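Good morning, and thank you for joining. I would ask you to keep the sequence and the model in view while I speak.

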Amino acid sequence: MAIKNALLVDDSKVARFALSKLLEGRDMEVNMAGSAEEALDFLNSNKRPDVIFMDHLMPGMNGVEATKAIKGNPETAAIPIIMCTSKKSQSFMEEARNFGVYNILTKPPQTDGLSLVLEQLDSDVTEGTLPEPPEPAATARAPEEDALDIPADASLEMSPKADGAPQATDGPQVVPLTSDLIEQIARSAVKTHINNRLHELLSSLFDEQFDHLKRALDESGKKQETAIEERLNAVTAMIEERTRNLRDDVAAEVNLNLARELADLRKELSRTTGFTGDHMAELKDHITSVQTIDTEFWQTLQSEAIQQAHEISRETAEDIAQRTIDLFVAQQRSATSRIYTMGLAASLGIFAVGIAWLSGLFG
C-alpha cells in the first residue's frame with residue numbers, strides 16, 4: 001500500500017484516539033495534532049505525511065482555513081487532505097473539492113467508509129491520478145454555513161431607510177446596510193459564535209469524559225491485575241501444598257512397597273541358601289565332561305594333523321625321487337651317446353688304417 005503514514009488534526013482526544021486505532025489496525029504510522037496551528041508547525045518541521053485527516057470545526061483556525069493554508073504552500077500543496085465532518089451533503093463535497101479537499105470522511109469514522117476512502121486514495125496515488133492542487137484564486141472563498149448573499153467586491157453603506165434605492169456609483173457596488181441585513185449579519189455571527197462555543201464545550205466535555213474513563217479503566221485494570229495476581233499466588237500456594245502432601249504420600253507408599261518386596265526376597269533367600277552340594281556335584285560333572293570333550297577334540301585334531309603331514313611328506317618325497325630318476329636317466333642317455341660316438345670314431349680310424357695297410361701290403 002502506498003499510504004504508509006498519516007497526520008490526524010482534531011481538537012478532540014476521543015476523535016483522535018478512535019481514528020488512530022483504525023489507522024494503526026491497517027499498519028499505518030500515525031502522528032497527531034490538537035489544532036490547525038499545531039498541524040502547520042508539524043508540516044514545517046517534520047517529514048511530509050502521505051495523507052492528512054483534517055477536522056472540519058475547530059477553535060481558532062478551523063479545518064477549512066487550515067486546508068487553504070496547506071494548499072496555498074507549494075511545499076505541502078500536493079498532500080491529499082481528507083475532511084472529517086458530520087456534514088456530507090453533495091453541495092458541501094463539491095465546494096470542499098474546489099478549495100483542495102480530496103475526500104470527505106463522515107464522523108464518527110467507520111471501518112468500511114475509511115477502507116473505501118483509503119483504497120481510492122491508494123489507487124489514485126499508485127496510478128498518478130490525484131487531482132491537481134487548486135489555484136490560489138479558487139481557494140479564496142471557502143464554503144461557509146449561512147453565507148450572506150453579498151457580492152464579493154461589494155461594500156456596505158449605512159442607509160437611513162430600508163426601502164431607499166442605492167445610488168449609482170462608478171466604483172464597487174454599494175449594498176445598503178438595512179436593518180434586515182444587520183439582523184442577518186448578527187444572526188450569522190451569533191450562530192457561528194454559538195456553534196464554535198458549543199463545539200469547544202462538547203470537545204472539552206468529551207475530552208474530560210475520555211480522560212476520566214481512561215483513568216477509571218487504568219485503575220480497574222490495575223485492580224484486576226492485582227486481584228488476578230493474588231488469586232494466582234493463592235492457587236499456586238494451594239497447589240504446592242497439595243503437591244507436597246501428595247509427594248509425601250507417594251513416597252510413603254513407595255517405601256512401604258519396597259519394604260514388602262525386600263522382606264519377600266529375604267524370605268526366598270533364606271529358603272534357598274545359595275549353591276547346595278548337589279549343585280556343586282552337577283557343576284563339577286559338567287566341567288569334567290567339558291574337559292573330556294576338549295581333550296578328545298584336541299587329540300583328534302593332532303592325529304589328523306600328523307596324518308596330513310605324513311601324506312604331504314610322502315607325496316613330496318615321491319615327487320623328488322621321480323625328478324631325480326628322470327634327471328639321472330637323461331644324464332645316462334647323454335653319456336652313452338658320447339661313448340658310442342667315440343667308439344664309432346675309433347672303429348672308423350682302425351678301419352681306415354687297416355685299409356691303408358692292406359693297400360700297402362697288396363700294393
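Let me begin with His56, which sits in the loop that connects strand S3 (51-55) to helix H3 (63-72). Please bear in mind throughout that this is a predicted model. Is His56 buried or exposed? Its relative accessibility is 9%, and because buried means under 20%, His56 counts as buried. Leaving aside residues up to four places away in sequence, His56 touches Asn62, Gly63 and Val64. The list of its contacts also includes Met83, Cys84, Thr85 and Phe92.

I turn now to helix H1, residues 13-24. With 12 residues at 1.5 Å a residue, H1 should span 16 Å, and its end C-alpha atoms are indeed 16 Å apart, so the two values agree. Which residues of H1 are buried? They are Arg16, Leu19, Ser20 and Leu23. Viewed down the axis of H1, these buried residues fall within an arc of 105 degrees, and therefore they line one face of the helix. The general background is that an α-helix has 3.6 residues a turn, so residues three or four places apart point the same way. The cover over the buried residues of H1 includes the strands S1 (5-9), S2 (29-33), S3, S4 (81-85) and S5 (103-106), together with helix H5 (111-127). At the start of H1, a side-chain oxygen of Ser12 comes to within 3.4 Å of the backbone nitrogen of Val14.

Helix H5 deserves the same treatment. Its 17 residues, at 1.5 Å each, should span 24 Å; the end C-alpha atoms of H5 are 24 Å apart, which agrees. The buried residues of H5 are Leu114, Ser115, Val117, Leu118, Leu121, Asp122 and Asp124. Against what do they pack? Their partners are H1, S3, S4 and S5. After H5 comes Gly128, with a positive phi near 70 degrees.

Finally, the protein as a whole. There are seven helices and seven strands, and from the N terminus on the elements run β-α-β-α-β-α-β-α-β-α-β-β-α-α. Of the 363 residues in the protein, 21% are buried. Among contacts between residues at least 6 apart in sequence, 59% join residues at least 24 apart. The accessible surface of the protein comes to about 26300 Å², and carbon and sulfur atoms account for 58% of that area.

That concludes my presentation, and I welcome your questions.

Note on methods: Residues numbered from 1 in each chain as written. Predicted model: local features only at pLDDT ≥ 70, side-chain atom pairs only at ≥ 80, totals over all residues. Heavy atoms only, no water. Helix = DSSP H or I, 4+ residues; strand = E, 2+ residues; numbered from the N terminus. Buried < 20%, exposed > 50% of the residue type's maximum accessible area, 1.4 Å probe, protein only. Contact = heavy atoms within 4.5 Å. Expected span 1.5 Å × (residues − 1). Arc of directions from axis to C-beta. Polar contact = N/O pair within 3.5 Å; in protein donor to acceptor, adjacent residues only side chain to side chain. Areas by Shrake-Rupley, 256 points an atom, 1.4 Å probe, with all protein chains shown as cover.
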